[in-house]
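Good morning. Please have the sequence and the structure open while I talk.

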Amino acid sequence: MARTDRYTRNMNTLSQEENRSLKSFKVCVIGCGGLGGYVIEMLGRIGIGSITAVDYDKFDETNLNRQILANTTTLGRNKAIVSCERMKKVNPEITLNPVEERFDNYNGNRIILGNDIVVDALDNSDTKRLLGRLCSEQKIPLVHGAIGGWYGQVTTIFPGDETMELLYKDSNNPGIEKQLGNPSFTPALVAAAQVAEVMKVLLKREGVLRNRILYVDLLNMEFDVVELKK
Amino acid sequence: MIDLKVEVRLFATFREGREKKYILELPEESNILTVLDMLKIKEEDASILLLNGRDGDAKRMLKDADVLAVFPPVGGG
């Protein structure tokens, strides 16, 4: 396939000008597991110019039920490295930066600095809250996603919104995923919604989930958007 | 005597074994805790309590036609 045909099917969802502009954007994905694997896949295929993939963890057998990058050849390998290797095969036109570090208070600012937007694909509330604070301080928009069992949530947070503080104010309260685990289908759906949010923020489209949370209930097959008031 | 009617919307795991939505008829001086008790939801399990879209504590008093949404924490990734 000729190189020029790569983005043909992005038309007319994106205009040609919008599609070209994607090359100039830098997106940082924190966590390369259930959500992050799919997020990176979709960002790379659509043509985001630079993707930073952050994860200290290695694939293990418990990841195989849902994490797109976990397979029998990647067990024991670092998730950030594997995600970048895969996307290099899919789209060699983009820049991929693997970061093999645990996102924390010490490296967090350095990792997100210079990105146009950050994607929360983390698996714990403490680090999600930290990411929310650092993105707000650095004035970088953040697309949050979280999953547990049949359920998931997505929202987009701009500096000063403090949505993450609302979602995770009680650090002693474990998420429902601790009881329910995570099946194969919920991460793919929530990741897709996160990537759609990333695209709208970068392209300055309307309909962004700001001060609104999408709640996904795949058991009852219901999608609710809940407005947040201050 | 019924003094106020409140709409309660439950999300995620709170729907299991319960309805998704209730219209509750409550006496005057009811607060969010009254509703959680009626629905057998522990206060500590409800990480977000949106009363007419605003988050806050469970001691907030209810008035007629209020809409309460109750969410458990979801943190997986």
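I will go through the two chains in turn and then the contact between them.

This is a predicted model, so please keep that in mind throughout.

Let me start with chain A. It has eight helices and eight strands. Its radius of gyration is 17 Å, close to the 17 Å that the globule rule gives for 230 residues, so chain A is as compact as a globular protein of that length. If you lay the C-alpha trace of chain A along its principal axes, the spans are about 50 × 40 × 40 Å.

Now the strands of chain A. Which order do the eight strands take in the sheet? Reading across, the order is E3-E2-E1-E4-E5-E6-E7-E8, the sheet is open, and the pairing is mixed. As a reminder, strands of a sheet pair through backbone hydrogen bonds, either parallel or antiparallel. At the edges of this sheet sit strand E3, residues 95-99, and E8 of chain A, and each of them pairs on one side only. From one strand to the next, the twist averages 15°.

Let us look at the E8 end of that order. Strand E6 of chain A, residues 151-157, pairs with strand E7 of chain A, residues 212-217, in the antiparallel sense, over four bridges. Two bridge partners can be named here. A:Tyr151 has A:Asp217 in E7(A) as its partner, and A:Val154 has A:Leu214 in E7(A). On its way to the edge, E7(A) is also joined to strand E8 of chain A, residues 222-227, by six bridges, and these two run antiparallel. A:Leu214 turns up again in this pairing, standing opposite A:Val225 in E8(A). What do E7(A) and E8(A) form together? They form a hairpin, with four residues between the strands. One of the residues in the turn, A:Met221, has a positive phi of about 50°.

Next, the helices of chain A. Two packed helices are described by the angle between their axes and the distance between the axes. I will use helix H2 of chain A, residues 34-46, and look at two of its neighbours.

Take helix H3 of chain A, residues 79-90, to begin with. The axes of H2(A) and H3(A) come within 10 Å and cross at roughly 25°. Angles under 35 degrees count as roughly parallel, and H2(A) and H3(A) are therefore roughly parallel to each other. Their crossing is right-handed. On the H2(A) side the contact has A:Gly37, A:Ile40, A:Gly44 and A:Arg45, and these meet A:Ser83, A:Met87 and A:Val90 in H3(A). By class, that makes three nonpolar, three polar and one charged.

The other neighbour is helix H8 of chain A, residues 185-202. H2(A) and H8(A) pack at an angle of about 45°, with their axes 8 Å apart. Are they parallel or oblique? H2(A) and H8(A) are oblique to each other. This crossing, too, is right-handed. Among the residues in contact are A:Leu35, A:Tyr38 and A:Met42 of H2(A), together with A:Ala188, A:Ala191 and A:Val195 of H8(A). The contact of H2(A) with H8(A) has 12 nonpolar, two polar and no charged residues.

That brings me to chain B. It has one helix and five strands, and from the N terminus on the elements run β-β-α-β-β-β. A compact globule of 77 residues would have a radius of gyration near 11 Å, and chain B has 12 Å, which agrees. Its C-alpha trace spans about 45 × 25 × 20 Å along the principal axes.

The five strands of chain B form an open sheet, in the order E2-E1-E5-E3-E4, with mixed pairing. Strand E2, residues 21-26, and strand E4, residues 54-55, are the edge strands of this sheet in chain B. Strand E1 of chain B, residues 4-10, pairs with E2(B) in the antiparallel sense over six bridges. Within that pair, B:Val6 has B:Leu24 as its bridge partner in E2(B).

Finally, the contact between the chains. How many residues does each chain give to it? Chain A gives 31 residues and chain B gives 19 residues. On the chain A side, H2, helix H5 (125-138), strand E5 (142-148), E6, helix H6 (163-167), E7 and E8 each supply at least two residues. The residues of that side divide into 12 nonpolar, 12 polar and seven charged. So H2(A), which we met packing with H8(A), also appears in the side of chain A that touches chain B.

Key: Residues numbered from 1 in each chain as written. Chains lettered and ligands numbered in written order. Predicted model: local features only at pLDDT ≥ 70, side-chain atom pairs only at ≥ 80, totals over all residues. Axes fitted to C-alpha atoms, helices over the stretch in contact; angles between N-to-C directions. Parallel < 35°, antiparallel > 145°, perpendicular 65-115°, else oblique. Left-handed = near helix turned anticlockwise from the far one by under 90°. Contact = placed C-beta atoms within 7 Å. Nonpolar A, V, L, I, M, F, W, Y, C, P; charged D, E, K, R; others polar. Pairing = 2+ DSSP bridges. Rg over C-alpha atoms; globule rule 2.2 N^0.38 Å.
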